[in-house]
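This report describes selected features of a protein model, taken by topic. The sequence and the structure come first.

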Amino acid sequence: MKLFLSLVLVTITTHAAEYVVLSNGFRIHADSHVIDGDVMRLQISQGAIEIPATSVATIEAEDYTQPVPPPPPAVDPKIELTTQELITRAAIHNGLPPAIVRSVAKAESGYHVDAVSPKGAIGLMQLMPGTAAALNADPHDPAQNVEAGARYLRDLLLKYENDPHQVSKALAAYNAGPGAVDKYKGIPPYRETIDYVNRVLKDFASVGRASGLSTSKPEACATHTAATPSDPQPSPSAPECNSPAAPPQPKT
């Protein structure tokens, strides 16, 4: 009986070839194994070896197939947006009509993402490096460039939101800087800025009509806006760039 119990304690021997996987990751190919207390005895082609039973992590059949790991989560490929789509997205994100941002980008760069002006303005919205840095944007990245430009235009529109010439002043400030607009209390008497404001307003009116927006005929900017009593007054036929259709107030 004692001998019989001892034989029972010696665990069943497997007859199919197998792999004994140790806790350290090593695998031993064996014909069979027997567990005797704290010892596992392995029968291999060269003979028999004994190893601590506690060092065994698992035993795999020789024809065991490692489960195929699940595929990694599908990652959506980066969607490349067109220039117009970037402008539309940035405008909507900043609460502006896409038409006004599109007109500014057209006047600034002609929609060229790699445009660089002689003064160092960069990209679609022609951001100066300092302005881009203040807006925490990389001006060479088209998406960041348009987003920052739309945000800057939005801030300027908010700056002049209670002014009857809100849009024209915001555009002039975008071109010449808000300091110049504040200095002259209106559009600075710079030919470049006057032409720029007229060009943007005309294009905005044209785009607005094409997209179904209600716009009136754009009026040309005056050559000057009175800054001091000595400055020439603008001609009545050339008002201070009244907006043809002021865009909705940016969402604050």
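## Packing of H2 and H3

In this predicted model, helix H2 (residues 83–93) packs against helix H3 (residues 98–109) with the axes 8 Å apart and at an angle of about 130°. Angles of 65 to 115 degrees count as roughly perpendicular and those over 145 as roughly antiparallel; H2 and H3 are therefore oblique to each other. Their crossing is right-handed.

On the H2 side the contact involves Gln84, Ile87, Thr88, Ala91 and Ile92, and on the H3 side Pro98, Val101, Arg102 and Ala105. Sorted by class, the contact of H2 with H3 has six nonpolar residues, two polar and one charged. A general point on helix geometry applies to lists of this kind: an α-helix has 3.6 residues a turn, so residues three or four places apart point the same way.

## Packing of H5 and H6

A second helix pair is formed by helix H5 (residues 142–159) and helix H6 (residues 166–176), whose axes come within 8 Å and cross at roughly 130°. H5 and H6 are therefore oblique to each other, and H5 passes H6 in a right-handed crossing. H5 contributes Gly149, Tyr152, Leu153, Leu156 and Leu157 to the contact, while H6 contributes Gln166, Val167, Ala170, Leu171, Ala173 and Tyr174. The residues of this contact divide into nine nonpolar and two polar, with no charged residue.

How many of the residues of H6 are buried? The count is nine of 11, so H6 is largely enclosed by the rest of the structure. The buried residues of H6 are Gln166, Val167, Ser168, Lys169, Ala170, Leu171, Ala172, Ala173 and Tyr174; Lys169 is thus listed as buried. After H6 comes Gly177, with a positive phi near 100°.

## The sheet S2-S1-S6

Three strands in the order S2-S1-S6 make an open sheet with antiparallel pairing. Strand S2 (27–30) and strand S6 (56–61) are the edge strands, each pairing on one side only. On average, and with direction ignored, neighbouring strands of this sheet are turned by 25° against each other.

Strand S1 (residues 18–22) and S6 run antiparallel and are joined by five bridges. Within this part of the sheet, Val20 stands opposite Ile59 in S6.

## The hairpins of S3, S4 and S5

Strand S3 (residues 32–36) pairs with S4 in the antiparallel sense over five bridges. One of the bridge partners is Gln43 in S4, which is matched with Ser32. S3 and S4 form a hairpin with two residues between them, and Gly37 in the turn has a positive phi of about 70°.

S4 also pairs with strand S5 (residues 47–52), in the antiparallel sense and over six bridges. Here Ile44 has Gly47 in S5 as its bridge partner. S4 and S5 likewise form a hairpin with two residues between them.

Which residues of strand S4 (residues 39–44) lie on its covered face, and which on its uncovered one? Met40, Leu42 and Ile44 make up the covered face, and Val39, Arg41 and Gln43 the uncovered one. In a regular strand the side chains alternate between the two faces of the sheet.

## Positive phi in the loop between H3 and H4

Tyr111 lies in the loop between H3 and helix H4 (129–134). Its phi is near 70°, a positive value in a residue other than glycine. The cut-offs are under 20% relative accessible area for buried and over 50% for exposed; Tyr111, at 24% relative accessibility, therefore counts as partly exposed.

Gln126 is placed in the loop between H3 and H4 as well. Its phi is positive, about 50°, although Gln126 is not a glycine. Is Gln126 buried or exposed? With a relative accessible area of 11%, Gln126 is buried.

## Overall composition

The protein has eight helices and six strands, which follow the pattern α-β-β-β-β-β-β-α-α-α-α-α-α-α along the sequence. Of the 252 residues in the protein, 40% are buried. Among contacts between residues at least 6 apart in sequence, 43% join residues at least 24 apart.

How values were computed:
Residues numbered from 1 in each chain as written. Predicted model: local features only at pLDDT ≥ 70, side-chain atom pairs only at ≥ 80, totals over all residues. Heavy atoms only, no water. Axes fitted to C-alpha atoms, helices over the stretch in contact; angles between N-to-C directions. Helix = DSSP H or I, 4+ residues; strand = E, 2+ residues; numbered from the N terminus. Parallel < 35°, antiparallel > 145°, perpendicular 65-115°, else oblique. Left-handed = near helix turned anticlockwise from the far one by under 90°. Contact = heavy atoms within 4.5 Å. Nonpolar A, V, L, I, M, F, W, Y, C, P; charged D, E, K, R; others polar. Pairing = 2+ DSSP bridges. Buried < 20%, exposed > 50% of the residue type's maximum accessible area, 1.4 Å probe, protein only.
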